[in-house]
Amino acid sequence: MPHPTLADPALTVALALLAGLAAQSIAWHLRIPGIVLLLAAGALLGPEALGVIRPESLGEALRALVGYAVAVILFEGGLNLNLRQIRRESGVIRRLITIGAVITALGGAAAAHLLLGWDWRLSLLFGTLVIVTGPTVIQPLVRRIRLRSDLQTVLEAEGVLIDPIGAIVAVVALELAVHADSPSVVSGARELVARLGGGALFGAAGGLLLAALLRPKRLIPEGYENVFVLGAVLALFHGSNAFFPESGIAAAVTAGMAVGNVRTRVLRDLMEFKEQLTLLLIGLLFVLLAADVRFAEVRSLGWAGLGVVAALMFVVRPLNVAASTFRSGLSGRQVLFLSFLAPRGIVAAAVASFFASVMDEAGMEGGAELRAMVFLVIAVTVLVQGLAGGPLASLLGVRRGARRGYAVLGANELGLALGAALRECGEETVYIDSNAGAVRAAQEGGFRAVFGNALEERTLHRAGLADRAGCVALTPNEEVNLLFATRAGEEFKVPKRIVALHLREGHLNEGMIREEGATILFGAQRDIHLWSLRLRRGKGIVEWWAPDGGTEETEESREAPENVILPLAVHAGGRGKPVDDETRLRKADRAAFVIAGDHRAEAEEWLRGGDWRPDGPPPGERTGS
């Protein structure tokens, strides 16, 4: 058996996969955009430095590998686009991907011609290559920054939708440039529309068919759904390319949008699978493509190359956004932020590498310089905009406000009592429930309530989970409670997650809750059914209690007697919060309890034993008598 060498293509792919995941993991800990370290890893491990990763060993397989990866990445981007949110900002998005694309292409071409001295043919090719922005960079960036939802929708939709348009425009322009006998510009425009429209229709039809196949149970065997979709996406991508050359990108995006906006039983699992796969493929591609760039080619661009990047960032992009947002209703600060943020990503890198190989084969000069210039644009825009995006968003005030209030899963009697206590502390509460009657009861009580499955991303977005200081899971199903809290932390970064543990019928324990970074509601396991029943029958009384004078800081850590008194919420430091196992009631706090009506005397004795005194229930907050 031959010994492996660094020129082994299988080893190159394996090392690129490992390096890509390692770079993104380190970037996550450092809280910087992952692409920054991916580009650095590719450059460091490539032939010009350590020589560990050798993209040239892949030969023509590199192009096929890039095609497969781009198909999956853009399908996942389309999968996450919500058409309802896009419609609200459709005018701005439509102009950004049409008028804005033209401005970017012409502006980029002019900058390259004037500053680098390139001929107009090569300059126009460069302009078409930098039309795209890149969802693989924008989506994680805007979510980390926590932009306001309207601004986030515009940027994410532009990033996904501009990719197929920019890529097809660039490829048609390349064909016109390479072949001397190419048709006229008018014929080229017709070819562009045919490819873009054909790919979009091909992808939409395939996506809707795929969604229809996923809806019935057992039509696609359980456990096969994710890999079935993966195979279908790759077939759609290359099938569209076969009918309409280079239209597979448009087909992948529209197929993702079709599947993502049709309710299917496996949508959540599919999105998680595609997200993991996209993470893997982004790392692989950026490392391979960055390793394929030569330092000497980038250095040869000199200050003129940096001038072109500066022109794109500070002249061309602002002109693009100004034309696209005219009379749009966006504020001046939002327009200013849109004008700043336009990092380029994986599609620009992939198409630039494709251009370089095609131009070399055709004997056309400038392919290597073109690829180097595009990678310089990617590196500078990602580095500058990725690191400065957060501070600029704060300065302009376009970030979401500070997290406030709580999302409560379960609009049952106990959940409504908790909401009433939090509302008295000035905290907003929104309920999530799949029972229409419970949602109606919460709304009649003056609360905002969302009807839907709390494990679906759409429902959580409607509840505004990304803006909540905490969430409380209070349904009869402990497993659902824990899953809800886990998703709230992993996907929406909710800082405080509290889960109810049932005293007798539960299947979870305190250790399982703490492993997920959550805390235990009411401070310990409680008989949730009993307390809900008491409130339903009017035998539980919500009372407010205040300390008996003084501001002593001694903690009240005595455990409340089970089934006699239930601590709900505490008002301390100007904020209200639910009681959990980390709560320590202090004598300067106010707190809300539910008291069992037939154990009132025992409850009052316990409270007075801790120097607490009844302060009377707030008006309108008595649940029963």
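This is a short tour of a pocket, a cavity and three helix contacts, in an order that can be followed in a viewer. The model is predicted, and the stops below are best taken one at a time.

**Stop one: the second largest pocket**

Begin by selecting R63, A350, S353, F354 and S357, which are the residues nearest the centre of the second largest pocket, out of 31 that line it. The volume of this second largest pocket is about 680 Å³. Next, colour the elements that each give two or more residues to its lining, which are α3 (61-79), α9 (149-178), α11 (225-243), α12 (248-260), α17 (346-361) and α18 (367-396). Which of these elements gives the most to the lining? That element is α17, with 9 residues. If you then colour the lining of the second largest pocket by residue class, you should find 16 nonpolar, 7 polar and 8 charged residues.

**Stop two: α3 against α17**

Keep α3 and α17 on screen and hide the rest, so far as your viewer allows. These two helices pack with their axes 11 Å apart, at an angle of about 155 degrees. Because an angle over 145 degrees counts as roughly antiparallel, α3 is described as roughly antiparallel to α17. Where α3 passes α17, the crossing is left-handed. To see the contact itself, select R63, V66, V70, I73 and L74 on α3, and then I346, V347, A350, F354, S357, V358 and E361 on α17. By class, this contact of α3 with α17 holds 9 nonpolar residues, 1 polar residue and 2 charged ones. Among the residues just selected, R63, A350, F354 and S357 may be familiar, since they also belong to the group nearest the centre of the second largest pocket.

**Stop three: α3 against α11**

Leave α3 in view and bring back α11 in place of α17. How do the axes of α3 and α11 cross, and within what distance do they come? They come within 9 Å of one another and cross at roughly 115 degrees, and α3 is therefore roughly perpendicular to α11. The crossing of this pair is right-handed. On α3, the residues to select for this contact are G67, Y68, A71, V72 and F75, while on α11 they are V229, L230, V233, L234, F237 and H238. The contact of α3 with α11 has 9 nonpolar and 2 polar residues, with no charged residue among them.

**Stop four: the largest cavity**

Now turn to the largest cavity, which contains about 80 Å³ of space. Select T104, I131, R317, N320 and R344, the residues nearest its centre, from the 15 that make up its lining. The elements giving two or more residues to this lining are α6 (99-116), α9 and α15 (302-324), and α15 gives the most, with 4 residues. Coloured by class, the lining of the largest cavity shows 8 nonpolar, 4 polar and 3 charged residues.

**Stop five: α15 against α18**

Finally, follow α15 to its contact with α18. The axes of α15 and α18 come within 10 Å and cross at roughly 55 degrees, an angle that makes α15 oblique to α18. Here the crossing of α15 past α18 is right-handed. For the contact, select G305, L306, V308, V309, L312 and M313 in α15, together with M373, L376, V377, V380, T381, V384 and Q385 in α18. Sorted by class, the contact of α15 with α18 comprises 10 nonpolar and 3 polar residues, and no charged ones.

Methods. Residues are numbered from 1 along each chain as its sequence is written. This is a predicted model: local features need pLDDT of at least 70, side-chain atom pairs count only at pLDDT 80 or more; totals for chains, interfaces and linings use all residues. Side-chain values use heavy atoms; hydrogens and water are left out. On a 1 Å grid over the protein atoms alone, a cavity is a set of points where a 1.4 Å probe fits but cannot get out, and a pocket is an open set with protein on both sides within 12 Å along at least five of seven lines; lining residues have an atom within 4 Å of a point. Grid points are joined across faces, edges and corners, and a volume is the space filled by probe spheres set on the points. Ala, Val, Leu, Ile, Met, Phe, Trp, Tyr, Cys and Pro count as nonpolar, Asp, Glu, Lys and Arg as charged, and the others, Gly among them, as polar. Axes are lines fitted to C-alpha atoms, for helices over the stretch in contact, and angles run from 0 to 180 degrees between N-to-C directions. Angles under 35 degrees count as roughly parallel, over 145 as roughly antiparallel, 65 to 115 as roughly perpendicular and the rest as oblique. A crossing is left-handed if the near helix is turned anticlockwise from the far one by less than a right angle, and right-handed if clockwise. Contact means heavy atoms within 4.5 Å.
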